[in-house]
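Colleague: Please take a single part of this model and give me a close account of it, working outwards from one residue to what surrounds it.

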Amino acid sequence: MYGLTGGAFPFAADFAIRDIRDLRDSGEINMFLKADGNEVWLKSSTRFPYLSLIGIIDTAEDYATIRPKLRRAYDLLSGIASDDAFLVRELDSDGAVIFCARPDKKCALLLMGKFDEGRERREPCAALEGFVEVVASSIDGVGRQAGATIRVEFVQLELAMHAG
């Protein structure tokens, strides 16, 4: 996710979309409430960090109207969140961009796995610039498909906690 190949963060570099699908298929991932009262989007049998861009779907339409639009545009990943999760993009670098949404129109863009989309460029901030491009295009694309504005309110690193 950060263009890192190890060391600075405890990322499992091999955590990839296939692992997300394995977790989804096992039914072991759900949104949950941590002991401190904070909601975390994922819970799984595997501990892994992911970056959450959390916000709202800003539109007068209710979620029941928005949901079919998102289902037509993206694969629905059943079972990786307590509500809806859509695969927005698989990254070349063995990661994924997932959009999660709830009936109250709270949402999150989740960046999972390894991010190094700027690897082919030699500029010092190529990975960061690539990251910003992926995030911006993903948010714009989801908003366009939903017919709404996706407003990111905050960004935080979360850890899928052990389910058992």
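Modeller: Threonine 59 is placed in the loop between strand 4 and helix 2. Helices and strands here are DSSP runs (H or I, at least four residues, for helices; E, at least two, for strands), numbered from the N terminus. The model is a predicted one: local features require a pLDDT of at least 70 and side-chain atom pairs count only at pLDDT 80 or more, while totals for chains, interfaces and linings use all residues. Residue numbers start from 1 along each chain as its sequence is written, and side-chain values rest on heavy atoms, with hydrogens and water left out.

A polar atom of the threonine 59 side chain lies 3.3 Å from the backbone nitrogen of glutamate 61. For comparison, a polar contact is a pair of N or O atoms within 3.5 Å; within protein, one must be able to donate a hydrogen and the other to accept it, and residues adjacent in sequence count only if both atoms are side-chain atoms. Leaving aside residues up to four places away in sequence, threonine 59 touches Ile66, Lys105, Gly147 and Ala148, a contact meaning heavy atoms within 4.5 Å. These neighbours give a route through the surroundings.

Strand 4 comes first. Aspartate 58 forms a salt bridge with arginine 151, with 2.6 Å between the closest N and O atoms. Since aspartate 58 lies in strand 4 and arginine 151 in strand 9 (residues 149–162), the pair ties together parts that are 93 residues apart in sequence. Both partners are partly exposed: aspartate 58 has a relative accessible area of 33%, and arginine 151 one of 42%. In these terms, buried means under 20% relative accessible area, exposed over 50%, and partly exposed in between (1.4 Å probe, protein chains only). A salt bridge requires a side-chain nitrogen of Lys or Arg within 4 Å of a carboxyl oxygen of Asp or Glu, and the count by this rule is four.

On the other side of the loop is helix 2, to which Ile66 belongs. The buried residues of helix 2 (residues 63–73) are Tyr63, Ile66 and Leu70. Viewed down the helix axis they fall within an arc of 60°, so they line one face of the helix; the arc is taken over the directions from the axis to the C-beta atoms. An α-helix has 3.6 residues a turn, so residues three or four places apart point the same way. The exposed residues Ala64 and Arg72 are carried on the face turned away from the buried side. The buried residues themselves pack against strand 4 (48–58), strand 6 (84–91), strand 7 (95–101) and helix 3 (126–146).

Helix 2 also takes part in a salt bridge: the side chains of aspartate 84 and arginine 67 meet at 2.5 Å, N to O. Aspartate 84 lies in strand 6 and arginine 67 in helix 2, so this pair joins parts 17 residues apart in sequence. Aspartate 84 is buried, at 9% relative accessible area, whereas arginine 67 is partly exposed at 27%. Turning to helix 3, arginine 144 lies within it and counts as exposed at 61% relative accessibility. Its C-alpha atom is 9.8 Å from that of lysine 69, although the two residues are 75 residues apart along the chain.

Lys105, another contact of threonine 59, leads to the hairpin of strand 7 and strand 8. Four residues separate these strands, and lysine 105 takes a positive phi near 70° there. Strands 7 and 8 run antiparallel and are joined by seven bridges; strands count as paired if DSSP finds at least two bridges between them. Isoleucine 98 stands opposite leucine 110 of strand 8. Strand 8 is likewise joined to strand 4 by seven bridges, again antiparallel, with methionine 112 as the bridge partner of tyrosine 50. Seven of the eight residues of strand 8 (residues 106–113) are buried. A further salt bridge links arginine 102 and aspartate 104, their closest N and O atoms 3.0 Å apart; arginine 102 is buried at 9% relative accessibility, and aspartate 104 is partly exposed at 44%.

As for the setting, the protein has three helices and nine strands, in the order α-β-β-β-β-α-β-β-β-β-α-β. Of its 164 residues, 45% are buried.
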